[in-house]
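Thanks for making the time this morning. I would like to walk you through one structure slowly, with its charged side chains as the main topic, so please keep the view open while I talk.

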Amino acid sequence: MKKNSTHGIRAGVILTLCILVGTGAMAATEQDKSQAILDGLAWLSQTQVVSGTEGYWSYAYDGTLATTGAAALAFIEAGFLPGESVVIGEVDYGDVVGRAVTFVFNRATVDGRFAVEYSGFEHYAEDYNFDLDYSNDPGANGQAIYFEPGDSHRRVYTTGICVPVVYALGEALTEVHGPEVLDEPIGIGSPAISGLSYREAMQDLVDWFVWGQVEPNRGTNRGGWRYDANYSTSDNSTAQWGSLPLLYSKSWGLNTPAFVYTELERWVNYIQNGNGGSGYDHPWVYVNMAKTGGLLLELAAIGAPLEDSRVQRAIGFINSRWNTGPSNTWYGNFNHSYAMWAVYKGLENYGLLPTAESFGTDFRVGTGIPAAVGGYTVGDVRDTRISADDDWYSHYCQYLVDIQGSDGRWSGYSYWNGSLATAWYINILSAGGRVPPIGNPAVALFTTFEGDCLRHNDPVRHVAQYWYRNRDGIADPNTVPAEGVVVEIFLSQQLDFVDASGNGEYHEASHSATWAIGTMQVGESGEVWLETTVASTAGASVNLTCSAEVSATNLPDTGWGVDDTEVPVCDDPVSCYWVDSGQITEMGAATGLGWGDYDGDGDQDLLIANLGLNHLYENVDGVLTLVPGWCDDDEPSYGVAWGDYDNDGLADLYVVNSGVPNALYHNEDGVLVRVDAGDAADAGQGYNAAWVDFDKDRDLDLFLCNRNGTSHLFRNDDGVFLTVPGATEIVGTARGCAFADYDNDGDQDLYVSMLGANVLLRNDDGVYVDATAAPLDDNGKGKGVAWGDFDNDQDLDLYLVNTQGENRLFRNDLQGFFTDVTDSLLGNAANGRACAWIDYNHDGWLDLFLTNIAGDNVMFENDRGVFWDNTCEALADAAPLASWGCGFADYDQDGDQDLAMSVNTYTEASYLFNNTMLTGLVQNWLQVDLRGEGSNRSGVGARIIVDTGQLTMVREVSASGTFLSQAPLTASFGTAGATMVDVTVLWPDGTEQTVENVPTNQRVLVVESMGISHVSDLPNLSALAVRNHPNP
């Protein structure tokens, strides 16, 4: 299968573009803005003029190139990249943006004037002792480039609008392919740019603006830009376009001479009017919103902080003219697209939010400025005069959504209309063209998975790459180290956490993982990873969104340390691993079954009880072979119970018969020999049986359920079974039984399902006491019962199968209290028989299988305590069959749990289902066998606790449970992503034994008070770190 990968620039496309500040009635919703962006892009895609490989938008005033640059930026910021096909309404947006970028890049031009001295242009020699040799330019290649619009009076303006295309495309490709893409050849455009990398091209564009800055000998007009490079005067309609490349230069770690910032600051100080606004070529000429937005951009370029009085006065001017419409060509705000774009660019560089933070200090944007008419202000959300939703960005977005034309375009105003206005407004709505400041860490999130789409339980890997700009590691003495850096990945609720790299810490409440990175110097980078699986509750044909964030305690939060991805769920997301092995072909109205290693070769053999001759299958390398003549008893049998009652290391067998004596088989070196069962031969209407060491005397005792008469507990006295008087002599029709330490006091209690009210017997130091209380006194004519910790809270819960009425799930709340938490799914009233807990998909949560005779069998998958029906493939095919017993075992020793199911008809064979999970899903597991020394040899009644660091799971070694059936004595754990776990065994004799750092994906043997070994290494036991704690 192919490996798929998604990344934020492609994943969100439209739906996660805008930054929404507030959600009140006045603020455009994400859906509103997304639809406006889509409609605007659709109009642009339909109006593009195509000429060969180029595409452009015609515009008056020699504005075609600038307009095409603005439109290309709109598509790139919306997530559409050249060469990546995304068809919307029969138009491939990848082609649209590709043609536009080609048009722009084809007009990249080497300025032949660069490095040439002209009289009247001093090139800063007098003021800065510059060396006059432009062959040693900042870009080190002796050239500077610009974008030629066809009119020398439009060069600075046009190049300034097109430079963001180079930056945005480089940033987008960086997020998809990583930072190294900035140093790869662009590959399209004129010879001036095609052979350059994105970083080199940006450096040559910066060189052009550096060289083109107005000369110091121009007096008060020095330090800005106008019309063309090295113009005789500056104006603040154009000067803002020279500031953007300076910000990009910082972001990519390029070279910009210090004098450029010094000269630009001279210009800023000159052009700002006393009212805070910006003039045109003099501070008193054409003072308006457009030029003041540009002034903020210039202030950001020179590094003026938010609290700088020049910044605050400029914001104050904008606030005082906020609710003004366009007039007299240059004035106004709303629907003046040039003004709105300039104001947006200026304000966003000081933070899109109405409050901003700089080095841990909150600053109010526009502190003390009166609210404008209509209540809107560029003020703090704490300003009681406005609501939190009435910030400037929400107002801009709502206004643009409201005035958009029905065809998707915006009309604009004066010179700035049609396609140019539409492109700029899309960029405002998508928060496009933003520049991450040099002093902020950045993050890129990558998500990989196998195949084209995801199914339930499929593994998904997330890698967050983070770095502290500059990416090339160039030190900036003005940039402080980032302190308290934290990376966080937020998961979709439909993805289950598995594992995290390094010191990653999972937080269930936020469904995220965090990594404390600490201090980072400029140029440092790193990555963290997170493993997840698709939750069983994930719906079909949906996209699962994850996001990554990086932050630092001493740096302003500008929203740039954020990225997200989306991964698709398949149309048929249910994962199924069940295959009919076809190994059982014998028929005989099967009742119960039991797994046990009767030949001592380490794998699980199987006995299936029938109403006729019982069938024993020897497991030879994963192939079950019928053992002929193992017994000649042709008696109606029901319950099956394997147990080493004489502690010789070989599994003996007890078979419950009906109307004839029950059979006890002693295992003599792999040969089962029927022996005297003593009182346990009970010739009543036997049904079910269970082994237990109830008195902790190191040998296994036996409990028998009878349908008619009295059920009994038989004590094992050196192989002789004697009836124990007392509460265990239960009169009535007993059907199912299961031992477990439900109260966590170290001994085995007993639950018995009855035709009448069920019974709970508590073991008090070897004496059973009736502890039955609601709701465990259920009267639903119970059969199968099974103990299991379904919610991973370290106590054993109980599932009860009823033949009349609903089944029940009782949650153990300790202190003798149980809560009925049955839902409509688990109730499943279908005349059930057996049930069995198992973590079949190794996610660390116990799943549940149920057999029925009046309805389909069901596999309930447990997704963190919530169950759903995952009966599929071979299980679903056999689900309608009247089934009685069931039991899980890893019969083929591949690490996952397979399922045997008895079918109670003479026309159908029983089933052995092979679990193929580990061929398609990488989940970890551990199987644990026990060998008792101070306890019974099999460890029956011992509690095994496995701690993965994320989950703590409990299993009890039991030779009982469910209905007529028995699982192996090997305890099985799914450990999800954990490859190393701690194992604790609480032995029946009170010994506590902990083995640390046990590798997963193996079957191990823990010997009481000795150590642990891989099963294949036996009998040479190699002890690991073992701590024994006798239980006082």
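How much area does the protein expose, and what share of it do carbon and sulfur atoms supply? The protein exposes about 35,200 Å², and 49% of that is supplied by carbon and sulfur atoms, where accessible areas come from the Shrake-Rupley method with a 1.4 Å probe and, for residues, only the protein chains shown count as cover.

Before going on, I should say that this is a predicted model, in which local features need pLDDT of at least 70 and side-chain atom pairs count only at pLDDT 80 or more, while totals for chains, interfaces and linings use all residues. Residues are numbered from 1 along each chain as its sequence is written, and side-chain values use heavy atoms, with hydrogens and water left out.

Let me begin with the overall picture. The protein has 16 helices and 59 strands, taken as DSSP runs numbered from the N terminus, with H or I and at least four residues for a helix, and E and at least two for a strand. Of the 1032 residues, 61% are buried; buried means under 20% relative accessible area, exposed means over 50%, and partly exposed is in between, again with a 1.4 Å probe and protein chains only. If we take the contacts with a separation of 6 or more, 62% of them are between residues 24 or more positions apart, a contact being heavy atoms within 4.5 Å.

Now to the charges. Side chains of opposite charge can pair when their charged atoms come close. The structure holds 24 salt bridges, each defined as a side-chain nitrogen of Lys or Arg within 4 Å of a carboxyl oxygen of Asp or Glu.

One of them joins R107 and E54, at 2.9 Å from N to O. This pair links distant parts of the chain, since R107 is in the loop between α4 and β6 while E54 is in strand β3, 53 residues apart. R107 is partly exposed at 24% relative accessibility, whereas E54 is buried at 13%.

A second pair is R113 and D228, also given as 2.9 Å from N to O, with R113 in the loop between β6 and α5 and D228 in the loop between α7 and α8, 115 residues apart. Here R113 is partly exposed, with a relative accessible area of 22%, and D228 counts as buried at 9%. Both residues also belong to a network of salt bridges that links D111, R113, E148, R155 and D228.

A third salt bridge, between E635 and R674, has an N to O distance of 3.6 Å. E635 lies in the loop between β25 and β26 and R674 in strand β29, so the pair ties together parts that are 39 residues apart in sequence. E635 is buried at 18%, and R674 is partly exposed at 33%.

Which charged residue is buried yet has no salt bridge? That is D682, for which the nearest side chain of opposite charge, R707, is 11 Å away, with Lys and Arg counted as positive, Asp and Glu as negative, and His and the chain ends not counted; the place of a charge is taken as NZ of Lys, CZ of Arg, CG of Asp or CD of Glu. D682 sits in the loop between β29 and β30, and its contacts, leaving aside neighbours within four places in sequence, are V660, P661, N662, L704, N706 and H712.

On the surface, D646, D648, E668 and D669 form a negative patch, where a patch is made of residues with over 30% relative accessible area and no salt bridge, and like charges are joined within 9 Å. Within it, D669 is in the loop between β28 and β29 and is exposed at 73%.

Finally, some backbone details. Most residues other than glycine have a negative phi, and most peptide bonds are trans. E90, although not a glycine, has a positive phi of about 70 degrees; E90 lies in the loop between β4 and β5 and is exposed, at 79%. E873 also has a positive phi, near 45 degrees, and is found in helix α16. The peptide bond from A774 to P775 is cis, with omega near 5 degrees, and P775 lies in the loop between β38 and β39.

Terms used. Patches are made of residues with over 30% relative accessible area and no salt bridge: like charges are joined within 9 Å, nonpolar side chains (Val, Leu, Ile, Met, Phe, Trp, Tyr) within 5 Å.
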